[in-house]
Structure formats: structure tokens, C-alpha cells
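Q: Please take a close look at how the interior of this model is packed. I would like one connected account, with the cut-off behind each term stated where it is used.

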Amino acid sequence: MSNPVLNENFVNQERVLDGEPMTINGAINKSLILLALVIVPAIYTWSLVFQGFMDKAMMLGTIGAIIGFILAMIICFARKGIPVLAPLYAVCEGLFVGGISALFENQYSGIVMQAVGGTFACAAVMLVLYRFRVIQNTEKFRAVIFTATASVALIYLIQIIASFFGRSIPQIFTSSPIGIGFSIIVVAIASFNLISDFDFIERGSENFLPKEYEWFGAFGMTVTIVWLYIEVLKLVAKLRDNN
């Protein structure tokens with residue numbers, strides 16, 4: 001969900017006096033590297049599903065999701081070894097994304113391309129809104145998005161716990177109008193998290209943070225884009241069920 005590593009204190013904590021500082025281009029390049037490291041293993045687990053190795057794909061996807069979550073927590077709270085841990089996180093997320101994408105594609109032909117297009121459309125819109133300062137990453141904006149993101153995380157946690165007992169939160173995970181409305185809200189929240197990611201990279205460059213902080217900016221972008229893609233995927237599936 002929302003990346004707690006990209007917070008106000010983190011941006012302001014240190015400047016480079018000697019050595020090479022963080023740059024916007026450097027963070028963008030590292031973001032592209034991490035996204036490539038998501039895509040490659042995603043293609044692998046995707047291919048396993050369509051080759052008939054569903055169990056293997058699901059096992060790799062589950063392992064990837066668990067290890068990816070652990071790595072994300074280490075990055076967020078330990079803030080050490082980011083140049084190594086961020087690529088490992090991307091690979092793990094790729095295993096998960098490929099498996100779940102194949103499952104959706106198997107049920108809804110063409111849905112993955114629709115979700116990819118929707119994800120990049122959302123990212124492009126947020127970039128334009130941020131670039132022209134239509135939306136600014138103010139303290140109030142950060143507080144609202146953090147609260148909204150934490151609320152979504154809590155809802156998902158409740159749903160996971162309920163599923164262990166054969167239960168589910170009514171309506172919001174179905175293809176009903178309420179479920180579609182919930183997914184639209186979550187997609188919007190995930191999209192607005194990109195504003196914080198863009199702002200971290202820009203202000204980190206302005207504040208001359210150390211070069212390795214480019215990896216933190218890239219990590220934040222990767223977390224948000226993967227989350228946004230999954231949410232768009234689920235939204236499109238609900239919309240197609242409702243037709």
C-alpha cells in the first residue's frame with residue numbers, strides 16, 4: 001500500500017556536502033529498472049499458468065508476495081541495503097503479479113492489457129496534475145491520503161481474517177454497484193499516492209539527498225504502481241462481470 005519510507009522527515013533529514021547527490025533522472029532510471037525487474041518474472045509465472053503448471057505458478061506467486069512484503073517492511077523501517085533489497089522486492093512482486101494476472105486473463109480475455117493501459121493512464125494524469133501544480137503535496141493532502149490508504153489496508157486485513165472463517169465483508173468485494181464504487185475509490189487513492197512519490201523524488205533532488213536515495217524514490221514508485229495495477233485489474237473485472 002502507501003509507502004511509509006517516503007515521508008516528510010525522510011526528505012528533510014540530510015544533505016550531501018561531499019559526493020554525488022540524488023537526481024530526478026537517476027530516480028527515474030532506477031524506477032525503470034525496478035519495473036523491468038517486476039515484468040520479467042511476471043512473464044515467467046504468467047507463462048507457467050498457460051503451460052498448465054498452475055500449482056507451480058501459484059506457489060511462486062504466494063512465496064513472492066510473502067517475501068516481497070517482508071522486504072518492503074525491512075526497506076521501510078530499517079532503511080538499509082536499499083540498492084540490493086529494492087531489486088529483490090521487485091522480482092518477488094513480479095512473481096506475484098504474473099500469477100494473478102494470468103488468473104484474471106484466463107477468466108476475462110484481454111483484461112491484462114486493459115489494466116495495464118488503465119494503470120499508465122492514471123499515472124500519466126497524476127504526473128500532469130502534479131507537474132502543473134493542480135494537486136500539491138501539502139501537509140493536509142499527505143494526511144488525507146495516508147489516512148485513506150491506512151483505511152484501505154485495514155479493510156483488506158479484516159477481509160483476510162474473515163476469509164479464514166468462511167466470511168466476507170458484505171458487498172464491497174463483489175461486482176455489485178457498491179463493490180464497483182469501492183474499487184473506484186481505491187484506484188483513486190492509489191493514484192493519489194503517486195503525487196507523494198513524485199514529490200519525494202523532486203524535493204529529494206532539491207535538498208541534495210545522497211545518491212542512494214534515488215533507490216528509495218524508485219522503490220516508492222514501484223510499490224504504488226504495482227498496487228495501482230492490481231486495483232485497476234480488479235475494477236475492470238468487476239465492470240466486466242456487471243455487463
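A: What follows treats the core first, then two helix pairs, and then some individual residues.

The model is predicted, so local features need pLDDT of at least 70 and side-chain atom pairs count only at pLDDT 80 or more, whereas totals for chains, interfaces and linings use all residues. Residues are numbered from 1 along each chain as its sequence is written, and side-chain values use heavy atoms, with hydrogens and water left out.

A nonpolar core here is a set of buried Ala, Val, Leu, Ile, Met, Phe, Trp, Tyr and Cys residues joined through side-chain atoms within 4.5 Å; buried means under 20% relative accessible area, exposed over 50%, and partly exposed in between, with a 1.4 Å probe and protein chains only. The largest such core has 60 residues, and those with the most contacts inside it are Met-22, Ile-82, Ile-111, Leu-194, Phe-219 and Tyr-229. Two or more residues are given to this core by each of several elements, including helix 2 (24-50), helix 6 (139-163), helix 7 (177-206) and helix 8 (213-241), where helices are DSSP runs (H or I, at least four residues) numbered from the N terminus. Helix 8 supplies the largest share, 18 residues. If residues up to four places away in sequence are not counted, Ile-111 touches Phe-104, Glu-105, Leu-233, Val-236, Ala-237 and Arg-240, contact meaning heavy atoms within 4.5 Å. A second, separate core has five residues, among them Val-49, Ala-57, Leu-60 and Ala-102.

Two packed helices are described by the angle between their axes and the distance between the axes. Axes are lines fitted to C-alpha atoms, for helices over the stretch in contact, and angles run from 0 to 180 degrees between N-to-C directions. The axes of helix 2 and helix 8 come within 8 Å and cross at roughly 45°, which makes helix 2 oblique to helix 8; angles under 35 degrees count as roughly parallel, over 145 as roughly antiparallel, 65 to 115 as roughly perpendicular and the rest as oblique. The crossing of helix 2 with helix 8 is right-handed, a crossing being right-handed if the near helix is turned clockwise from the far one by less than a right angle, and left-handed if anticlockwise. Among the residues making this contact are Gly-26, Lys-30 and Leu-34 of helix 2 and Trp-215, Phe-219 and Ile-225 of helix 8. By class, this contact of helix 2 with helix 8 has 10 nonpolar, three polar and two charged residues, with Ala, Val, Leu, Ile, Met, Phe, Trp, Tyr, Cys and Pro counted as nonpolar, Asp, Glu, Lys and Arg as charged, and the others, Gly among them, as polar.

Helix 6 and helix 7 pack at an angle of about 135° with their axes 10 Å apart, so helix 6 is oblique to helix 7. Helix 6 passes helix 7 in a left-handed crossing, and the residues in contact include Phe-141, Ile-145 and Val-152 of helix 6 and Phe-182, Ile-189 and Arg-203 of helix 7.

Within helix 7 sits Glu-202, which is buried, with a relative accessible area of 19%. Leaving aside neighbours within four places in sequence, Glu-202 is in contact with Ile-24, Tyr-130 and Arg-133.

Finally, the loop between helix 6 and helix 7 holds Gln-171, which has a positive phi of about 75° although it is not a glycine. Gln-171 counts as partly exposed at 38% relative accessibility.
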